[in-house]
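Here are my notes on the model, set out as numbered points. Please read them with the structure open.

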Amino acid sequence: QVQLVQSGGGLVQAGGSLRLSCSASGSIGRINEMGWYRQAPGKQRELVATMSSSGSTNYANSVKGRFTISRDNAKNTVYLQMNSLNSEDTAVYYCRLAQVLGAYTGAYWGQGTQVTVSS
């Protein structure tokens with residue numbers, strides 16, 4: 001089993017910045033991808049940013065140029081630096097890890113952390 005523990009988030013004014021962290025522990029195998037998703041009230045969960053094992057990144061168009069995903073492989077930790085936040089970024093943010101361990105391919109989610117941007 002894999003545990004993902006998130007930290008960061010909170011309340012920030014529009015134009016401000018926040019940094020989210022997500023640390024993985026437990027039965028860590030070959031990590032294929034780590035990333036961030038978010039879910040706003042009444043909306044479906046959506047991709048924010050992902051990083052593959054090779055370091056390639058993928059961002060939602062709405063956050064390109066404002067958010068940066070990074071990863072510390074030694075710590076099995078992924079970060080999301082969020083700048084120039086606006087009210088549309090208000091959501092619960094979840095980290096996700098996809099890995100292969102032996103013959104098992106699995107994906108795991110963090111507990112979620114609230115990000116609220118006040119205008």
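1. In this predicted model, Arg71 faces Val78 of strand 8 across the pairing. Strand 7 and strand 8 (residues 77-82) are joined by six bridges and run antiparallel.

2. These strands belong to an open sheet of four, ordered 1-3-8-7, with antiparallel pairing. Strand 1 and strand 7 (67-72) are the edge strands; each has a single partner strand, so one side of each lacks a neighbour in the sheet. On average, neighbouring strands of this sheet are turned by 15 degrees against each other, direction ignored.

3. At the strand 1 edge, the partner is strand 3 (residues 18-26), antiparallel to strand 1 and connected to it by six bridges. Strands of a sheet pair through backbone hydrogen bonds. Within this pair, Gln6 lies opposite Cys22 of strand 3.

4. Which side chains of strand 1 are buried? Val2, Leu4 and Gln6 are, and they point to one face. Gln3, Val5 and Ser7 point to the other face and are not buried. Such alternation between the two faces is what a regular strand shows.

5. Cys22 is also half of a disulfide: its partner is Cys95, with an S to S distance of 2.0 Å. The two cysteines are 73 residues apart and link distant parts of the chain, Cys22 lying in strand 3 and Cys95 in strand 9 (residues 91-101). Both Cys22 and Cys95 are buried. The torsion about their S-S bond is about 50 degrees, so the disulfide is right-handed. A search of the whole structure finds one disulfide.

Notes:
Residues are numbered from 1 along each chain as its sequence is written. This is a predicted model: local features need pLDDT of at least 70, side-chain atom pairs count only at pLDDT 80 or more; totals for chains, interfaces and linings use all residues. Side-chain values use heavy atoms; hydrogens and water are left out. Buried means under 20% relative accessible area, exposed over 50%, partly exposed in between (1.4 Å probe, protein chains only). Two strands pair if DSSP finds at least two bridges between them. A disulfide is a pair of cysteine sulfur atoms within 2.5 Å. Axes are lines fitted to C-alpha atoms, for helices over the stretch in contact, and angles run from 0 to 180 degrees between N-to-C directions.
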